[in-house]
Amino acid sequence: MKLTLPKSLLSLVFLMLVSVAFGQVSIKGQVTDEATGEPLIGVSILVKGTVLGTITDVEGNFSLDIKSPPPVSLIISSVGYERLELDIDQASVSSLKVEMKESMMLGQEVVVSASRVEENILQSPVSIEKMDILAVQNTSSDTYYKAIANLKGVDVATSSINFQIINARGFGSTGNTRFVQLIDGMDTQAPALNFPIGNLNGPSELDVESVELIPGASSALYGPNAFNGILLINSKNPFEYQGLSAFVKTGVNHVGSNADHEPALMKEASLRYAKSFNNKFAFKINGSYSSAEDWHGTSSLDRNAILQPEGLSFNPGSDKPHFHGDEASINLGIFPFSSAWRTLARTNTVGPGVSLDSYRGDLPTHVVSLTPYKEVDLIDYGAENIKANVGLYYRITDQLELSYLYNGGFGTSIYTGAQRYSLSNFGIQQHRAQLRGDNFYLRAYGTFENSGDSYITEFLALKINEKAVNAGLTSYSTLPQSDRYVRFLAPPEPEGRESVTGYLTSYSLAYLQYIATQANGTGLSPGELATLPESQRLQIISEAHNTARAFVDDLFILDPNSQEFNDLKKASVNGVVPEGPKFNDKSAMYQAEGQYDFKNEIDFMELQAGASFRMFALGSNGTIFPDTSGNDITIKEYGAYVQAGKKLTDNFKLSGSVRFDKNENFNGQVNPRLSGVYTLNKNHNFRASFQTGFRNPTTQGQFIDLNIISARLLGGLPEFYETYRLTRTSETNQPLVFTGGSVNDFRNQAFEDGSISEAAIAQLESFTDYQSVKPEKVKSMELGYKSLINNKLMVDAVYFYNIYNDFITQIRLVVAEEFTTNQSLDTDQSPYGYTYNPDATFAGTANYGSILNGSADNSYQIYTNLNETVRTQGAALGLTYSLSRGYTIGGNYSWNQFISGYNDNTLNDFNTPEHKFNIKFGNRKLTDNLGFNITYRWQDAFRWESSFGSGTVPAYSTLDAQVSYRLDPLKSVVKLGGSNVLGDYYIQSIGGPNIGAIYYISVTFDELMN
């Protein structure tokens, strides 16, 4: 046993910098294939315990000068070959011969992410999945990032053809803030959104070295938001992967009988060049471009299906996810409560002394929405992605490497959140500086986003409707006087809702006009409709709805193919929130972190320690947050961790870690992890772990202040409750703030009664105290088994049980106005239909009429936490078998179950199928040049619930396949393949697009000019 005091990092760096400049070990050699004797190109030669390394040239030759005395150890590795470790005990070796054996063995992968140190994947203390270079190159999916869905326990939600969100172990979403994605150590979350942006700025297939996924809680090592899992993508080091590589792919999508668009071409091209000079300085440059006609959103699911009137074959208040404009709706029962509407109704006579106002009792309590426009007419389906990557690497000494890395992603995509967002001409860039040695790293990076021309699609529809209603007034003025029974005169509404009131006021009067003049051919008298037989009454109500909609649509709804529509769309898309649909976001995130491994100072155990600091700078120019130009909102976080591991016996290793994190707006969080791995007969590895995780409220969960017309979204910090007085009471101590659900019950009762009755008021539930938002937490227990049996069969099984506390959610509050003067009201004179004694006075009391309709002036959606404890469990099994002659067959099965924790009034956003499995079969070397791979994926139907919409995601299956052929003289590979080749369309989330087949052919030229 050896124990020495650790040197300070500065002292270590100094000693490295002043080390002797003369090489003390010189090695030259050649690497060949053991079976054929042919030289191997691009084999990695690393010096153990340093950052020094090189690769073999076109003749398989390499040379190394090492500024350390012998002995030294070389780690020799190449894709598809068994890894070697050679000890060199001479100062000069001039003709080292190395033969490498082709490997078809399983379980040889080395992973780093599970414990932040290198270890064999079989002995990882937690569940982990990995894709190496071969898996990336031979994936059956059309991109390597989509192939992550084939890993055990992984769920995917697709918002766009170029935007996928990864999740594991439940509570998935289209913007997964419970999952962390790191690319070369950089968190890829968008600072204003706090969730990973898929592969929009990640490396292309040419530059990916490995992908590692840890499902489940990982906060003990990776800090905030590593809650459901963490994905690590590592790019290629230019010292080890040199030369010119190129990739070109063309394909087609929107193919098949169920396609909602004509077949469309897809294009993708990538270029990579890397070069090393004297094994001292290296650089790499990457660029890629892709374009496609995006998958279309075509869902006709009715998000308001529960509001469909009984007995009607249609829902006049329907709200369909991919039809925009119908988010604006109103209950027809509200209009008799408006004195302005009743004045308007009195001016429309239908007989001597009879006006539409006398028919107000015939207005049903039906919710009616605007006629929407199809999403295809509003959103940008031209998906594009431009990515650039630059890396500069300098080896200061054999033990010290300094590097700079730039990642940039730009283009157009679609994101489904609370609304459908067109991410048009967006940009996200990252800069990283890193100093690393064999046992430490120091890293600093920044993430900078630019929303470009991104806009809210529903908001765009609202603005078009607003302009169309105003334009419709001109059409109205040309009607014959006898047909002018509908006029645009509505109660005052908040800015931006003119289209809602104009359309729906007209609808209500047109509905009554039909009852009064056309029902049964001659019309009905006031109240007569209610006396008719049920079937006849329902038929007349249906006809009245259809007639009213046809009339107002003719006035206000435009032909999306018309020039007028396109002109209004062009005019409406300009302007930022709240005046227009665009964002103006340029938020940033800054991170500094480091880790030190005490392996050179301590050999009786493993010990690592690390720390990090993060700062968000929210700069939305008031379009998302309550910031102003040049006055960003900042959020600071810091954390530190320590991890130790030791083999207590030859067969049992125990490891543990603990991390402390502090966000300036919340209490500090302590997250421990304890795990043990027991190895039986060298091949059977049993593991058990207890892990914890936490998630800070997102930047929006803390600071959002956004008018979305129907409500105002607010962060959950105390200042927002105070600014908007969300616990206020009246002068007479009457509650003025009510829960959203109880307000809905109040409205339904009031519309049914035709007045604000005592029964309606009794439905209201007051809100007088608040709980500011705080971090949510998870405790996870995991049991696992991983084994390689007879070097043929890989078995990986896991069971987990999760307990969640303080789940972050949102509540809706509605604030009533207060009567400030004494008012004597009766039914006829009241703007709100009170039936109180006309001699009564209401000064200092709640004006309940002010909450009959909702807007951003009285409705608030604010972040908070659930009180309930949530429990889930799951299991997964993976099997891979190596057959003879290079064939492999495998599969995995995952089971996830929500146990308990939600009440009936809360969205259960578990959003995960209970059962799913994958089956794969392939041979990467069917012959020396030919290979293939096939993957079948199936998942069960499941319930999806989110703020965008709730419903059942149907079960689906996909079949991906590819055949590749290697052209050795051209150093190229031709691949012919398809994703979802059977062509059956499916969705992965409510509000997600309709995903079909992709067929493609690609050519990859690898490491030319090496």
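Right after helix α12 comes G754, and its phi is positive, near 80 degrees. Keep in mind that this is a predicted model, so every angle and distance here is computed from it.

The helix that leads up to G754 covers residues 740-753, 14 residues in total. From first C-alpha to last, α12 reaches 20 Å, close to the 20 Å expected at 1.5 Å a residue. A good part of α12 is tucked away: G740, S742, V743, F746, R747, A750 and F751 are buried. What sits on top of them? The cover over the buried residues of α12 includes the strands β21 (329-331), β39 (737-739) and β42 (808-815), along with helix α13 (758-761).

**The cores**

F746 turns up again in the largest nonpolar core, which has 67 residues. Together with I515, F746 has the most contacts inside that core. Helices that each supply at least two residues to this core are α5 (339-346), α6 (457-477), α7 (498-517), α8, α9 (563-572), α12 and α13. Which of them gives the largest share? That's α7, with 10 residues. In general terms, nonpolar side chains tend to be buried together in soluble globular proteins.

Now for I515, the other hub of that core. Setting aside neighbours within four places in sequence, I515 is in contact with Y359, D362, G523, L524, L529, I540 and A544. There is also a second, separate core, this one of 53 residues, and F195, L423, F616 and L713 are among its members.

A544 deserves a closer look. Its place is in helix α8 (residues 534-556). Is A544 buried or exposed? It counts as buried because its relative accessibility is 0%, and the cut-off for buried is under 20%. Beyond the neighbours within four places in sequence, A544 is in contact with Y511, Y514 and I515. A544 and S508 are 36 residues apart in sequence, and their C-alpha atoms are 9.8 Å apart in space.

**A four-stranded sheet and a cis proline**

Over at lower residue numbers, four strands form an open sheet, in the order β3-β2-β5-β6, with antiparallel pairing. β3 (53-55) and β6 (84-88) are the edge strands, each pairing on one side only. On average, neighbouring strands of the sheet are turned by 20 degrees against each other, ignoring direction. Inside the sheet, β2 (residues 44-47) and β5 (residues 72-77) pair in the antiparallel sense over four bridges. One of the residues involved is V47, whose bridge partner in β5 is L74.

The loop between β4 (61-66) and β5 is where P71 is found. P70 and P71 are joined by a cis peptide bond with omega of about 5 degrees. Another cis bond joins V577 and P578, with omega of about 10 degrees; P578 is found in the loop between α9 and β31 (588-597).

**Backbone oddities side by side**

As background, most residues other than glycine have a negative phi, and most peptide bonds are trans. The table lists the spots discussed here where the backbone departs from that.

| Site | Backbone value | Location |
|---|---|---|
| P70 and P71 | cis, omega about 5 degrees | P71 in the loop between β4 and β5 |
| V577 and P578 | cis, omega about 10 degrees | P578 in the loop between α9 and β31 |
| N279 | positive phi, near 55 degrees | loop between β18 (264-277) and β19 (281-293) |
| N790 | positive phi, about 55 degrees | loop between β40 (776-789) and β41 (793-805) |

How do the two asparagines fare for accessibility? N279 has a relative accessible area of 17%, so it is buried. N790 has a relative accessible area of 65%, so it is exposed.

**The whole chain**

Zooming out, the protein chain has 13 helices and 54 strands. Of its 1010 residues, 57% are buried. Among contacts with a separation of 6 or more, 67% come from residues 24 or more positions apart. The accessible surface comes to about 40,200 Å², and 53% of that belongs to carbon and sulfur atoms.

Methods. Residues numbered from 1 in each chain as written. Predicted model: local features only at pLDDT ≥ 70, side-chain atom pairs only at ≥ 80, totals over all residues. Heavy atoms only, no water. Expected span 1.5 Å × (residues − 1). Buried < 20%, exposed > 50% of the residue type's maximum accessible area, 1.4 Å probe, protein only. Contact = heavy atoms within 4.5 Å. Pairing = 2+ DSSP bridges. Axes fitted to C-alpha atoms, helices over the stretch in contact; angles between N-to-C directions. Core = buried A, V, L, I, M, F, W, Y, C linked by side-chain atoms within 4.5 Å. Areas by Shrake-Rupley, 256 points an atom, 1.4 Å probe, with all protein chains shown as cover.
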